[in-house]
Structures are given as structure tokens and as C-alpha cells.
Amino acid sequence: MVATTIGIPHISTGEMLRQNVADETPLGVQAAAIMEKGDLVPDDIVVAMVAERLNRPDAGCGYLLDGFPRNTVQAAALAAEAGSDALEVAVLLDVADEVLIARLLARAEELGRADDNEETIRRRLDVYRAETEPLAAWYPEHGVPVLIVDGVGTIAEVFGKVVAPLAEAR
Ligand code: AMP
């Protein structure tokens with residue numbers, strides 16, 4: 001919804017990886033077991049995938065990265081690839097673990113994602129805490145503001161809270 005409203009492509013590394021798993025590409029075969037456990041796919045694989053995607057013409061006028069970067073190694077690789085001033089803002093959706101677990105278990109019924117079971121969800125939250133959360137401090141240190149949005153509420157409410165400040169900045 002945010003990408004559509006701004007008119008830029010939505011680039012989700014999770015979605016790209018799930019497509020590779022469904023297509024049984026060599027990358028997908030390698031990534032499937034890692035994703036099912038809730039661990040991160042190796043940085044070099046994900047970075048190469050994003051670099052290739054950013055070089056396509058539709059990403060020339062901006063893009064929304066979703067689920068990438070997941071750690072500071074990926075963030076530094078992105079800065080090297082796209083330029084250190086490529087990012088306008090990083091958005092942190094803030095939701096308590098128990099709310100996230102309930103949401104993802106509900107989504108499991110809806111989408112049947114292999115990684116939406118309680119054990120994997122807890123592992124993904126641990127990985128988030130250890131690997132991804134440090135980006136909330138890393139980005140401001142590297143000149144990118146972090147927009148912290150309370151992610152509890154309806155889709156429309158959270159969407160409004162994300163898009164209003166972004167639209168204002170443009
Ligand atoms: P997501 O759809 O963003 O929740 O991602 C689902 C799963 O794909 C994650 O739990 C990881 O196993 C893998 N994945 C997605 N994005 C990345 C990334 N940037 N780096 C490493 N693994 C990723």
C-alpha cells in the first residue's frame with residue numbers, strides 16, 4: 001500500500017526468496033531450509049539479489065525495500081551498491097512480540113507460509129533482536145533518519161501513520 005501510494009516498486013527480499021523456493025531454483029533449494037528454521041539466508045546471496053533488482057529500470061526513481069537490510073553487513077553492502085545517500089528514511093514498525101506472534105499464527109491459517117509456526121516465529125524474533133534491531137541505531141549514525149511507527153492497529157491505521165510523514169517529506 002505504501003509503495004503503490006508513493007508510486008515506487010515494492011522490493012521484498014522475503015517474497016523474492018519465496019518465489020525462488022516455489023520455482024525450485026538453485027538459490028531456492030539452498031534457502032528453503034534456512035527460511036523454514038527462521039534463520040537469515042547468507043548475506044552475499046541476498047545482497048546480490050537486491051543489487052540485481054535495483055539495477056532494473058523501474059527502480060530508477062526510488063523503491064521501497066521490505067525486509068532488507070536485515071543486519072549491518074547488508075546495510076553497508078547496500079550503501080556501497082546504491083550510494084551512501086540512497087536512502088531517504090528507514091521505517092521501524094514497533095509491535096510487541098506477543099502481538100506479532102498472534103498475528104503471524106493467524107496469517108499461517110491464511111497464507112500457509114512454512115515459517116509461520118510458533119517455533120520458527122520465536123526464532124525469527126530472536127534473530128531480529130540480535131541482527132536487525134541494531135539498525136535502529138546504525139542508520140542514524142550513517143545519516144539516515146529512522147521513522148518509528150506504532151505498528152499496533154488496523155492495516156489502515158498503521159498505513160496512515162507510515163505514509164503521512166513520508167508524503168510530507170516529499
Ligand atoms: P520476510 O518475508 O521478510 O519475513 O522473510 C522471510 C524469511 O526470508 C526470513 O525469515 C529469512 O529467512 C529470509 N529473508 C528475507 N529477507 C532476508 C534478508 N534481507 N536477509 C536474509 N534473509 C532474509
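Is lysine 37 buried or exposed? In this predicted model, lysine 37 is exposed, because its relative accessible area of 54% is over the 50% cut-off. Let's take that residue as our way in and walk from there through the rest of the chain.

Lysine 37 has a salt-bridge partner in aspartate 39, with the closest N and O atoms 3.7 Å apart. Aspartate 39 itself counts as partly exposed, at 23% relative accessibility. Follow aspartate 39 a little further and you will find a second partner: its side chain also meets that of arginine 123 in a salt bridge, at 2.6 Å from N to O.

To place these residues, it helps to step back to the layout of the chain. The protein chain is divided into domain 1, residues 1-87, and domain 2, residues 89-162. The C-alpha centres of the two domains lie 16 Å apart. Where they meet, 18 residues of domain 1 are in contact with 17 residues of domain 2. Together the domains bury about 1600 Å² between them, and 64% of that area is on carbon and sulfur atoms. Three residues are worth picking out on your screen: Met1, Thr72 and Leu87 supply 27% of the area that domain 1 buries against domain 2, more than any other three residues.

Polar and charged pairs play their part in this interface as well. There are 4 residue pairs in polar contact across the interface of domain 1 and domain 2, and 1 salt bridge is found there. On the domain 1 side, helix H1 (2-6), helix H3 (26-37) and H5 each supply at least two of the residues that touch domain 2. H5 gives the most, with 4 residues. Sorted by character, the residues on this side of domain 1 divide into 9 nonpolar, 4 polar and 5 charged.

Helix H5 deserves a look of its own. Spanning residues 72-82, H5 includes glutamine 74, a residue that is buried with a relative accessible area of just 2%. What does the side chain of glutamine 74 reach? The side chain reaches the backbone nitrogen of arginine 70, at 2.8 Å. Leaving aside neighbours within four places in sequence, glutamine 74 is in contact with Asp43, Val46, Val47, Phe68 and Pro69.

Now let's turn to the salt bridges elsewhere. A search of the whole structure finds 12 of them. One of these pairs arginine 129 with aspartate 97, whose side chains meet at 2.6 Å from N to O. Arginine 129 lies in helix H7 (residues 118-132) and aspartate 97 in helix H6 (residues 97-111), so the pair ties together parts that are 32 residues apart in sequence. Arginine 129 counts as partly exposed at 37% relative accessibility, and aspartate 97 is likewise partly exposed, at 27%.

A contrasting case is found at aspartate 115, which forms a salt bridge with arginine 113, the closest N and O atoms being 2.8 Å apart. Here aspartate 115 and arginine 113 are both buried. This pair also belongs to a wider set: salt bridges that share partners join Arg107, Arg113, Asp115, Asp116 and Arg124 into one network.

Key: Residues are numbered from 1 along each chain as its sequence is written. This is a predicted model: local features need pLDDT of at least 70, side-chain atom pairs count only at pLDDT 80 or more; totals for chains, interfaces and linings use all residues. Side-chain values use heavy atoms; hydrogens and water are left out. Buried means under 20% relative accessible area, exposed over 50%, partly exposed in between (1.4 Å probe, protein chains only). A polar contact is a pair of N or O atoms within 3.5 Å; within protein, one must be able to donate a hydrogen and the other to accept it, and residues adjacent in sequence count only if both atoms are side-chain atoms. Contact means heavy atoms within 4.5 Å. Domain bounds come from an automatic or database domain assignment. Buried area is the accessible area (1.4 Å probe) that two parts lose on being put together, summed over both. A salt bridge is a side-chain nitrogen of Lys or Arg within 4 Å of a carboxyl oxygen of Asp or Glu. Ala, Val, Leu, Ile, Met, Phe, Trp, Tyr, Cys and Pro count as nonpolar, Asp, Glu, Lys and Arg as charged, and the others, Gly among them, as polar.
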